[in-house]
Amino acid sequence: MAGPTSHSGRLADMSSSKEQQIKPLPIVKWPGGKRRLSRHILELFPKNFDCYFEPFMGGGAVFFSLCPERAVLSDADPDLINCYTQVRDSPERVISRLSQLRNTEEDYYKVRASRPRSDTGRAARLIYLVTLSFNGIYRLNSAGEFNVPYGHKTHLRPCDKHRIKLASAALSKASITCCDFELAVAKAKKGDVVYLDPPYTVAHSNNGFLKYNSKIFSWSDQMRLAGIARQLASKGCRVIVSNADHSSILNLYHDFHVARVQRPSNISANVKFRNAITELLFYI
């Protein structure tokens, strides 16, 4: 895969250490995040494009690596979208709320049990919990409640002002909505780039993580997504899809170009079981 030289609206390639310091980073760690794969994904982007669409925002690793001038970002998780909206529109308020929270086990469980009424408070709570939770995991139980225990990483700062401000600047020109992926990409047109990173579910899988995802994103959703991806491509969009390395997924995108990439797994609580796994990148 040949690397691009430039992107419309993308921050210039950052070579010096000073420039590297202004590059935004994801503000939350999300299941299935693409921080370790973003370089491979960006290699599939065209040299120039108009608007960037990402309907499965998650941790936003690809978006923050790209920093496009125009973007339409969305996700089905309302708390996550609220967090990005508050960081974009009210970064100082988010910083102020986060700055009041301490990194102790007692405080962590108090925050986890809290239910802030304000949008800013809910955004600060999400960043705080994901930052300090065990293994940085975001996980909800069947009742929709965050239930990850304290991570005992006392060196971490709940409030990283610099990171939040950089993220706010990157998000400042983006449209951010909470909606289904089909609605999120409805206005994509010729010359746009659409990156699709759905929860990984496959047909007839007994894998526990994928089985958990199937409650969120079913196999019928996967088939609907593949159809939308083809519709977008027929309109002249550059479409890139990341998905599980599984025969059912390969069959689903049989008419796309495909690249297989490898990354370490960071889902398991036990480091011994975090083996390297492969994922598929489809593009057309």
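This report describes a predicted model, with most attention on helix α7 and the elements around it.

## Overall make-up

The protein has twelve helices and seven strands. Of its 284 residues, 48% are buried. The exposed surface comes to about 14,200 Å², and carbon and sulfur atoms supply 51% of that area.

Contacts across the sequence were counted for residues at least 6 apart, and 70% of these contacts join residues at least 24 apart.

## Helix α7

Helix α7 covers residues 119-132, which makes 14 residues. From its first C-alpha to its last, α7 reaches 20 Å, close to the 20 Å expected at 1.5 Å a residue.

α7 is mostly covered, with eleven of its 14 residues buried. The buried residues of α7 are Thr120, Gly121, Ala123, Ala124, Arg125, Leu126, Ile127, Tyr128, Leu129, Val130 and Leu132. The cover over these residues includes α4 (78-89), α5 (91-99) and α6 (105-113).

## Packing of α5 and α6 on α7

The axes of α5 and α7 come within 9 Å and cross at roughly 60 degrees. An angle from 35 up to 65 degrees falls outside the parallel and perpendicular ranges, so α5 and α7 count as oblique to each other. Their crossing is right-handed. On the α5 side the contact is made by Arg93, Val94, Arg97 and Leu98, and on the α7 side by Thr120, Gly121, Ala123, Ala124, Ile127 and Tyr128.

α6 packs against α7 at an angle of about 135 degrees, and the two axes are 10 Å apart. α6 and α7 are therefore oblique to each other. The crossing of α6 past α7 is left-handed. Here Asp107, Tyr108, Val111 and Arg112 of α6 meet Arg125, Tyr128, Leu129 and Leu132 of α7. Tyr128 of α7 takes part in the contact with α5 and also in the contact with α6.

## The loop between α6 and α7

Proline 116 sits in the loop between α6 and α7. Its relative accessibility is 22%, so proline 116 counts as partly exposed; the limit for buried is under 20%.

Leaving out residues up to four places away in sequence, proline 116 touches Arg97, Gly121, Arg122 and Arg125. Of these, Arg97 belongs to the α5 side of the α5 and α7 contact, while Gly121 and Arg125 are among the buried residues of α7.

## Packing of α4 on α8

α4 is among the elements that cover α7, and it also packs with helix α8 (residues 161-171). The axes of α4 and α8 come within 7 Å and cross at roughly 95 degrees, which makes α4 roughly perpendicular to α8. Tyr84, Val87 and Arg88 of α4 make this contact with Ile164, Ala167, Ser168 and Leu171 of α8.

## The loop between α7 and α8

Asparagine 135 lies in the loop between α7 and α8. With a relative accessibility of 10%, asparagine 135 counts as buried. Tyrosine 150 is 15 residues away from asparagine 135 along the chain, and their C-alpha atoms are separated by 9.0 Å.

Histidine 152 is placed in the loop between α7 and α8 as well. The phi of histidine 152 is near 60 degrees, a positive value in a residue other than glycine.

## Cysteine 67

A positive phi is also found at cysteine 67, where the angle is about 50 degrees although the residue is not a glycine. Cysteine 67 is located in the loop between α3 (61-66) and β2 (71-75). Its relative accessibility is 8%, so cysteine 67 counts as buried.

## Isoleucine 41

Isoleucine 41 is part of helix α2 (residues 38-42). At 0% relative accessibility, isoleucine 41 counts as buried.

Not counting residues up to four places away in sequence, isoleucine 41 touches Lys34, Val62, Tyr195, Ile240 and Leu281. One of these partners, isoleucine 240, is 199 residues away in sequence, yet the C-alpha to C-alpha distance between the two isoleucines is 7.9 Å.

Terms used: Residues numbered from 1 in each chain as written. Predicted model: local features only at pLDDT ≥ 70, side-chain atom pairs only at ≥ 80, totals over all residues. Heavy atoms only, no water. Helix = DSSP H or I, 4+ residues; strand = E, 2+ residues; numbered from the N terminus. Expected span 1.5 Å × (residues − 1). Buried < 20%, exposed > 50% of the residue type's maximum accessible area, 1.4 Å probe, protein only. Contact = heavy atoms within 4.5 Å. Areas by Shrake-Rupley, 256 points an atom, 1.4 Å probe, with all protein chains shown as cover. Axes fitted to C-alpha atoms, helices over the stretch in contact; angles between N-to-C directions. Parallel < 35°, antiparallel > 145°, perpendicular 65-115°, else oblique. Left-handed = near helix turned anticlockwise from the far one by under 90°.
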